[in-house]
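Here's a quick briefing to read alongside the model. Have the viewer open as you go through the points.

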Amino acid sequence: MAEETAPQDPTPAAPPKAAPAAAAAPPAPVEDAGPKEVKIKVRKPKQRSCDEKDAKGKLCAGHLKRWYDYPKDVEAKIGKDAEIYRCEFCKTLYKPDPKQLPHSYTLRY
Ligand SMILES: [Zn+2]
């Protein structure tokens, strides 16, 4: 099964090699290794902005927006047609507060 020869090459004239720029770059410090996981938090009552902090401890404060057309891998975590919000800056996902009833959110406070 491993013997697979390429039938033809549509572009025989290969482009010139790109300069090997990323040769001496040291490995960037990664906070949590492994596959890129979507972070899902639970919204606090009346929370409207992101409370994630970056590496320097600065508050993100991005606006949490209702996210409707999330991809399949997110759907696998939160379910289909779930209520989910996403930070406009750091893309952290926020689930609604389970103690808060859906559709009971008002701006009177
Ligand atoms: Zn954020």
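A residue counts as buried under 20% relative accessible area, exposed over 50% and partly exposed in between, using a 1.4 Å probe and protein chains only. By that yardstick, 17% of the protein's 109 residues are buried. Keep in mind that this is a predicted model, where local features need pLDDT of at least 70 and side-chain atom pairs count only at pLDDT 80 or more, while totals for chains, interfaces and linings use all residues. Numbering starts from 1 along each chain as its sequence is written, and side-chain values use heavy atoms, with hydrogens and water left out.

**Overall fold**
- The protein has 1 helix and 4 strands, taking helices (H or I, at least four residues) and strands (E, at least two) as DSSP runs numbered from the N terminus.
- Going along the sequence, you get the pattern β-β-α-β-β.
- Of the contacts (heavy atoms within 4.5 Å) between residues at least 6 apart in sequence, 46% join residues at least 24 apart.
- About 9700 Å² of the protein is exposed, with carbon and sulfur atoms supplying 58% of it; areas come from the Shrake-Rupley method with a 1.4 Å probe, and for residues only the protein chains shown count as cover.

**The zinc site**
- Four SG atoms hold the zinc ion, from Cys50, Cys60, Cys87 and Cys90, at 2.2 to 2.3 Å.
- Donors here are N, O and S atoms within 2.8 Å of the metal (3.2 Å for Na, K and Ca); water is not among the atoms, so sites may look incomplete.
- The arrangement is tetrahedral because the 4 donor atoms subtend angles of 103 to 117° around the zinc ion; the cut-off for four donors is that all angles lie between 85 and 135 degrees.
- Along the chain, the donors are spaced as C-x9-C-x26-C-x2-C.
- One pair links distant parts of the chain: cysteine 60 in the loop between β1 (40–42) and β2 (64–66), and cysteine 87 in strand β3 (residues 85–87), 27 residues apart.
- Cysteine 87 is buried at 1% relative accessible area, whereas cysteine 90 is partly exposed at 35%.
- Searching the whole structure turns up 0 disulfides, meaning pairs of cysteine sulfur atoms within 2.5 Å.

**Aspartate 97**
- Aspartate 97 sits in the segment after β4 (93–95) and is buried, with a relative accessible area of 6%.
- Beyond its neighbours within four places in sequence, aspartate 97 contacts Val42, Arg43 and Pro45.

Notes: Four donors count as tetrahedral if all angles lie between 85 and 135 degrees; four count as square planar and six as octahedral if opposite donors are over 155 degrees apart and all others between 65 and 115; anything else is irregular.
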